[in-house]
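Please work through the exercises below with the sequence and structure in view. Each task is followed by a stepwise solution.

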Amino acid sequence: MSNLEIGIWSFPALLLLIFLRVPIGLAMFSTGFAGMWMVMGNTRLPLAQLKDLAYSQFSNYSLSIVPMFLLMGYFATLGGMSQSLFKAAENFLGHRRGAWPWRPSAPARASAPSAVRRWPRRRP
């Protein structure tokens, strides 16, 4: 079997493993390991890559920014920064006509037409 055929047959094997309710990470790992084993002919190269590949993936600087960004967002939420920003926007734009969507109230979270319908009408 050629390398291209191994690659083509690995995709249905991956889908079969996923269909059999194997976790996706484990299914991808086993399919890749088996495909590399079939292409190389021995298990030394896949096992040699296992010891270095995990560290090299997680030591990448660009991927370390994502958890830091999520942690900063969590701290901002716990500190009340989001509520302060909405209050500042309401104080800055709340007195202007058409600025009611800035208010963090229940009707403002809905779509604009449904929020307008909920507001009581003032009769002249």
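The exercises concern a helix, a loop residue and a surface patch.

This is a predicted model, in which local features need pLDDT of at least 70, side-chain atom pairs count only at pLDDT 80 or more, and totals for chains, interfaces and linings use all residues. Residues are numbered from 1 along each chain as its sequence is written, and side-chain values use heavy atoms, leaving out hydrogens and water.

**Exercise 1.** Compare the reach of α3 with its expected span, and locate its kink.

Solution. Helices are DSSP runs of H or I with at least four residues, numbered from the N terminus. Helix α3 covers residues 44-58, which is 15 residues. The expected span is 1.5 Å times one less than the number of residues, giving 21 Å for α3. From first to last C-alpha, α3 reaches 23 Å, close to that value. A kink of about 35° is centred on Leu50; the bend is the angle between axes fitted to the seven residues ending at a residue and the seven starting there.

**Exercise 2.** State where Arg21 lies, and whether Arg21 is buried or exposed.

Solution. Arg21 lies in the loop between α1 (3-19) and α2 (24-40). Most residues other than glycine have a negative phi. Arg21 is not a glycine, yet its phi is positive, about 65°. Its relative accessible area is 77%, so Arg21 is exposed (exposed is over 50%, buried under 20%, partly exposed in between, with a 1.4 Å probe and protein chains only).

**Exercise 3.** Identify the residues that make the nonpolar surface patch.

Solution. Met1, Leu4, Ile8, Trp9, Trp37 and Met38 make a patch of about 770 Å². α1 and α2 each give two or more residues, and α1 gives the most, with three. Patch residues have over 30% relative accessible area and no salt bridge (a side-chain nitrogen of Lys or Arg within 4 Å of a carboxyl oxygen of Asp or Glu), and nonpolar side chains are joined within 5 Å. Met1 lies in the segment before α1.

Conventions
Patches are made of residues with over 30% relative accessible area and no salt bridge: like charges are joined within 9 Å, nonpolar side chains (Val, Leu, Ile, Met, Phe, Trp, Tyr) within 5 Å. Accessible areas come from the Shrake-Rupley method with a 1.4 Å probe; for residues, only the protein chains shown count as cover.
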